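Student: Hi! Could you walk me through a structure I have just opened?
Tutor: Happy to, let's put it up.

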Amino acid sequence: MYLISSCLCGVNCKYNGGNNLNKYCVKLLKAGKAILVCPEQLGGLSTPRIPAEILGTAEGVISGKDKVLNKDGRDVTNEFLKGAKETLHIAKESKVKVAILKEGSPSCGVNFIYNGKFNGIKIEGRGITTSILESANIEVISDIDMEDYRNGIFRSF
């Protein structure tokens, strides 16, 4: 079973109310091989919502050193942490081994996130949910990297 960011299967849960439809993720869902989650909704944030970025690192947020702020300056750290922990709970209960998450998101970014200045610049880094899942030995790949993933997930499609 795979854990997939809901937006990748067409669920309109992005901050702006849209989605990031990915045909490979939809195939996994239709084959009954996926569970969908939106960590930000699980954390209690609405859709649409004001964009948020990590000021620091995911690891810093988890340790209490750094924060997640929305574009209006509101601290939404607790919501992001709650959503990441709920996502981990779902993954463990479902015996998930691999998660496919949306690159760039402050929750789901795998290789990069935005720099915390709301200027559209991406930096190397992970989202909070990605960091928490990886710390529980759940492999996380991004929607961008998944087409090159060669451990057999997509060979049947």
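Tutor: We can talk through the cysteines, a helix and the cores.

Student: Sounds good. What should I know about the model and the numbering before we start?
Tutor: The model is predicted, so local features need pLDDT of at least 70 and side-chain atom pairs count only at pLDDT 80 or more, while totals for chains, interfaces and linings use all residues. Residues are numbered from 1 along each chain as its sequence is written, and side-chain values use heavy atoms, with hydrogens and water left out.

Student: How many disulfides does the structure hold?
Tutor: Zero, where a disulfide is a pair of cysteine sulfur atoms within 2.5 Å.

Student: Why is there no bond from Cys13 to Cys38?
Tutor: The sulfur of Cys38 is the closest cysteine sulfur to that of Cys13, but at 3.9 Å it is too far for a bond. Cys25 is in no disulfide either, with its nearest cysteine sulfur, in Cys9, 5.3 Å away.

Student: And is Cys25 buried or exposed?
Tutor: Buried, with a relative accessible area of 0%. Buried means under 20% relative accessible area and exposed over 50%, with partly exposed in between, using a 1.4 Å probe and protein chains only. Cys13 counts as buried too, at 3%.

Student: Switching to helix α1, which of its residues are buried?
Tutor: In α1 (residues 23-30) they are Cys25, Val26 and Leu28. Helices (H or I, at least four residues) and strands (E, at least two) are DSSP runs, numbered from the N terminus.

Student: What do those buried residues pack against?
Tutor: They pack against β1 (2-5), β2 (34-37) and β5 (98-101); contact here means heavy atoms within 4.5 Å. On the face turned away from the buried side, α1 carries the exposed residues Lys23 and Lys30.

Student: What happens just after α1?
Tutor: Gly32 takes a positive phi of about 75° there.

Student: OK, cores. How many residues are in the largest nonpolar one?
Tutor: It has 25 residues, and Val68, Ile128 and Leu133 have the most contacts inside it. A nonpolar core is a set of buried Ala, Val, Leu, Ile, Met, Phe, Trp, Tyr and Cys residues joined through side-chain atoms within 4.5 Å.

Student: Which helix gives the most to this core?
Tutor: That's α4, with five residues.

Student: And what does Ile128 touch?
Tutor: Leaving out residues up to four places away in sequence, its contacts include Ile54, Val68, Phe80 and Pro106. There is also a second, separate core of 15 residues, with Val26 and Leu28 among them.
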